Amino acid sequence: AFCFAAILPFRGVRRHAYGRRRRRPASGGYNRGLKARDSPMSIWFRPFTLEEIQQYSRGSMTEHLDLRFTEIGPDYLRATMPVDHRTVQPFGLLHGGASVTLAETLGSVAATHCVDMSRYYCVGIEINANHVRSARSGRVTGTARPIHVGSRSQVWDIRIEDERGRLVCISRLTVTVLEGSTPALAGGAQA
């Protein structure tokens, strides 16, 4: 069968499945359709510091588990978590739930910093994790990088490695971008 779509040039008009044009919100507020892996520029909506993140992590699970944000890159966010009595299962191995906590924290914080926090906030709607190696001691390091940063959703890839750089867990987090200012933070700080 012959397909005319294969020879027709793309005209640049994107349409919904029902043939209607997609409504585009007013410009500003989020990085619409950014393909972070293709861009050398920063994905963050505004500059921020590690101290800011640590400040509004006070009084939350992040503080309880001693998650420490360690690096902000142009397209990634990195944090560490100890493998100790707070994060291990009864067999002395890093608990899968602790790995997921690190992954969701990293992805959610990163997603939130890709939008204008005075107009939007991000919440996780799905997370999965594959635990590929155990960790018994030291600190694990998680790195969150975007797969998709869109106007209504974001998808983040989070890789957790042990102190020797071996992959412990790989996770994918999907967040939705909601309109409204960021809800009150646990530590009482302002985002």
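Two strands count as paired here if DSSP finds at least two bridges between them. With that in hand, the predicted model can be taken apart piece by piece, and a good place to start is strand 6, where Cys169 is the bridge partner of Ile160. That pair belongs to a set of nine bridges joining strand 5 to strand 6, with the two strands running antiparallel. The link between these strands is a hairpin with five residues in between, and Gly165 in the turn has a positive phi of about 80°.

Stepping back to the whole chain, there are three helices and six strands. Read along the sequence, they come in the pattern α-α-β-β-α-β-β-β-β. Buried residues make up 38% of the 191 residues. As for how the chain folds back on itself, 64% of the contacts with a separation of 6 or more are between residues 24 or more positions apart.

The six strands make an open sheet, ordered 1-2-4-5-6-3, with antiparallel pairing. Strand 1 (68-72) and strand 3 (120-131) sit at the edges with a single partner strand each, so one side of each has no neighbour in the sheet. From one strand to the next, the twist averages 25°.

Inside the sheet, strand 2 (residues 77-82) and strand 4 (residues 139-149) run antiparallel and are joined by six bridges. Two of the facing pairs can be picked out: Leu77 stands opposite Ala144 of strand 4, and Ala79 has Gly142, also in strand 4, as its bridge partner. On to the next pairing: strand 4 and strand 5 are antiparallel too, over eight bridges, and His148 stands opposite Val155 in strand 5. A hairpin of three residues takes the chain from strand 4 to strand 5.

Then there is the packing. The largest nonpolar core has 36 residues, and Leu77 and Trp156 touch the most other members. Two or more residues come from each of strand 2, helix 3 (96-112), strand 3, strand 4, strand 5 (153-161) and strand 6 (167-179). Helix 3 gives the most, with seven residues. Leu77 has a long list of partners beyond its neighbours within four places in sequence: Trp44, Phe48, Ile53, Phe69, Glu71, Ile72, Leu106, Val109, Ala110, Gly142, Thr143 and Ala144. Among them, Leu106, Val109 and Ala110 fall within the 96-112 range of helix 3.

Helix 3 itself is worth a quick geometry check. At 1.5 Å a residue, its 17 residues should span 24 Å, and its end C-alpha atoms are indeed 24 Å apart, so the two values agree. Of those 17 residues, 13 are buried, so the helix is largely enclosed by the rest of the structure.

A couple of threonines in the sheet also deserve a look. Thr143 is in strand 4, and its relative accessibility is 13%, so it counts as buried, the cut-off being under 20%. The side chain of Thr143 makes a polar contact of 2.8 Å with the side chain of Arg78. Not counting neighbours within four places in sequence, Thr143 is in contact with Tyr76, Leu77, Arg78, Leu106, Asp157, Ile158 and Arg159. Leu77 is thus on the contact list of Thr143, just as Thr143 is on that of Leu77.

Thr174 is in strand 6. With 16% relative accessibility, Thr174 counts as buried. Residues up to four places away in sequence aside, Thr174 touches Val123, Gly124, Ile125, Glu126, Gln154 and Val155. One of these contacts, Val155, is the strand 5 residue that His148 stands opposite.

Last comes a loop residue with a backbone quirk. Asp66 is found between helix 2 (61-64) and strand 1. Its phi is near 60°, a positive value in a residue other than glycine. Asp66 has 18% relative accessibility, so this loop residue counts as buried.

Definitions and conventions. Residues numbered from 1 in each chain as written. Predicted model: local features only at pLDDT ≥ 70, side-chain atom pairs only at ≥ 80, totals over all residues. Heavy atoms only, no water. Helix = DSSP H or I, 4+ residues; strand = E, 2+ residues; numbered from the N terminus. Axes fitted to C-alpha atoms, helices over the stretch in contact; angles between N-to-C directions. Buried < 20%, exposed > 50% of the residue type's maximum accessible area, 1.4 Å probe, protein only. Polar contact = N/O pair within 3.5 Å; in protein donor to acceptor, adjacent residues only side chain to side chain. Contact = heavy atoms within 4.5 Å. Core = buried A, V, L, I, M, F, W, Y, C linked by side-chain atoms within 4.5 Å. Expected span 1.5 Å × (residues − 1).
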